[in-house]
Amino acid sequence: MARSKDKTPKPHKEPGRIKQMWQVFQMTRRYDSKIVPLLLVGFFVPLVASIIVAIVATDGNVLTLVLWIIAGLLAGVLAVLIILGRRAEKAAYSQIEGQPGAVGAVLRSSLKGGWVGSEMPIAVNGKTQDAVYRAVGRGGVVLISEGPRTRTARMLEEERRTVTRLGGHVPVTVLSVGPDSDAVPLHKLASRLRKIKPSLTKAEVLAVNNRLSSITKKLPIPKGVDPTKARPQRGN
């Protein structure tokens, strides 16, 4: 009897690192017209600088000259990766900015420095889809409104009173992401949180977050952005 052929489908092969980088670049270029000149500057400035230093400081030593040029190439590649990663993140956020649930996507994917947040809002206006989110970190409790400030002010104040009642001495910071002129841009939200001066220990952060989470009602994510699919691509 002829041996039956193995028809088991082969597992999907993930694209290689270079292909991933190319995909990130292509995505970024569609939304960021400055990416190409920025990458060129990022690559050639360290390279040219290293060549100039090599010519001036090596005193004719060929090996030292080559090492300086290699160092310049590596510095240029590193600069390209850093620039591409940051611009790609900004381009990804520009696609979801202004949509309900965008703040939740940032809190889910970009929080660092000991901050704890969730894509689930703690308060939602069912009619307008405006929402309030909460993040807890060493800087205290941050309440983030999503939507025009005139429509979210009441929800923010109610949540601020709740935090003050339960948290006591914990500092509360209020931020707004929306169409207002002084609102925090979506792509700068995570960095804005990291700039808040630390005032709590890690143990206090955990205790405050647990206390607030215990009284938070589970609310639906505002329709518009699926936070599980909104994670910005990064260049590594």
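## A salt bridge from loop to helix

Asp182 is exposed, with a relative accessibility of 54%. In this predicted model, the acid is joined to Arg149 by a salt bridge whose closest N and O atoms are 3.0 Å apart. The two partners come from distant parts of the chain: Asp182 sits in the loop between strand S5 (172-177) and helix H6 (189-194), while Arg149 belongs to helix H5, 33 residues away. Arg149 counts as partly exposed, at 31% relative accessibility.

## Other salt bridges of helix H5

Six salt bridges are found in a search of the whole structure. One of them pairs Asp130 with Arg151, with 2.6 Å between the closest N and O atoms. This bridge also links distant parts of the chain, since Asp130 is in the loop between strand S2 (123-124) and strand S3 (131-137) and Arg151 is in helix H5 (residues 149-167), 21 residues apart. Is Asp130 buried or exposed? Asp130 has a relative accessible area of 3%, and the cut-off for buried is under 20%, so Asp130 is buried. Arg151, at 41%, is partly exposed.

A further bridge connects Glu157 and Arg160, again with 2.6 Å between the closest N and O atoms. Here both residues lie in helix H5, three residues apart, which is about one turn of the helix. Glu157 is partly exposed at 30% relative accessibility, and Arg160 is partly exposed at 30%. Through salt bridges that share partners, Glu157, Arg160 and Arg161 are joined into one network.

## Overall layout

The chain has seven helices and five strands. Read from the N terminus, the order of these elements is α-α-α-α-β-β-β-β-α-β-α-α. The chain has 236 residues, of which 37% count as buried.

## Aromatic pairs

How many aromatic pairs does a search of the whole structure find? The search gives two. In one, the ring centres of Trp22 and Phe25 are 5.5 Å apart and the planes meet at 40°; this angle is neither under 30 degrees nor over 60, so the pair is tilted. Trp22 and Phe25 are both in helix H1 (residues 17-31), three residues apart, or about one turn of the helix. Their accessibility is as follows: Trp22 is partly exposed at 49%, whereas Phe25 is buried at 14%.

The other pair is Phe43 with Phe44, whose ring centres are 5.1 Å apart. The angle between these planes is 85°, which is over 60 degrees, so the pair is edge-to-face. Phe43 is partly exposed at 22% relative accessibility, and Phe44 is partly exposed at 41%.

## A nonpolar surface patch

Phe44 also belongs to a nonpolar surface patch of about 720 Å². The other residues of the patch are Val36, Leu40, Val48, Ile51, Ile52, Ile55 and Val56. Ile51 lies in helix H2 (residues 35-57) and is partly exposed, with 31% relative accessibility.

## The two sides of helix H7

Helix H7 (residues 202-214) has 13 residues, which should span 18 Å at 1.5 Å a residue. The end C-alpha atoms are 18 Å apart, so the span agrees with the expected value.

Which residues of H7 are buried? They are Val205, Val208, Asn209 and Leu212. These four cover an arc of only 100° around the axis, so they are on the same side of H7. On the face turned away from this buried side are the exposed residues Ala203, Leu206 and Ser214.

Methods: Residues are numbered from 1 along each chain as its sequence is written. This is a predicted model: local features need pLDDT of at least 70, side-chain atom pairs count only at pLDDT 80 or more; totals for chains, interfaces and linings use all residues. Side-chain values use heavy atoms; hydrogens and water are left out. Rings of Phe, Tyr and Trp (its six-membered ring) pair if their centres lie within 6.5 Å; planes under 30 degrees apart count as stacked, over 60 as edge-to-face and the rest as tilted. Helices (H or I, at least four residues) and strands (E, at least two) are DSSP runs, numbered from the N terminus. Buried means under 20% relative accessible area, exposed over 50%, partly exposed in between (1.4 Å probe, protein chains only). Patches are made of residues with over 30% relative accessible area and no salt bridge: like charges are joined within 9 Å, nonpolar side chains (Val, Leu, Ile, Met, Phe, Trp, Tyr) within 5 Å. Accessible areas come from the Shrake-Rupley method with a 1.4 Å probe; for residues, only the protein chains shown count as cover. A salt bridge is a side-chain nitrogen of Lys or Arg within 4 Å of a carboxyl oxygen of Asp or Glu. The expected span of a helix is 1.5 Å times one less than its number of residues. The arc is that of the directions from the helix axis to the C-beta atoms.
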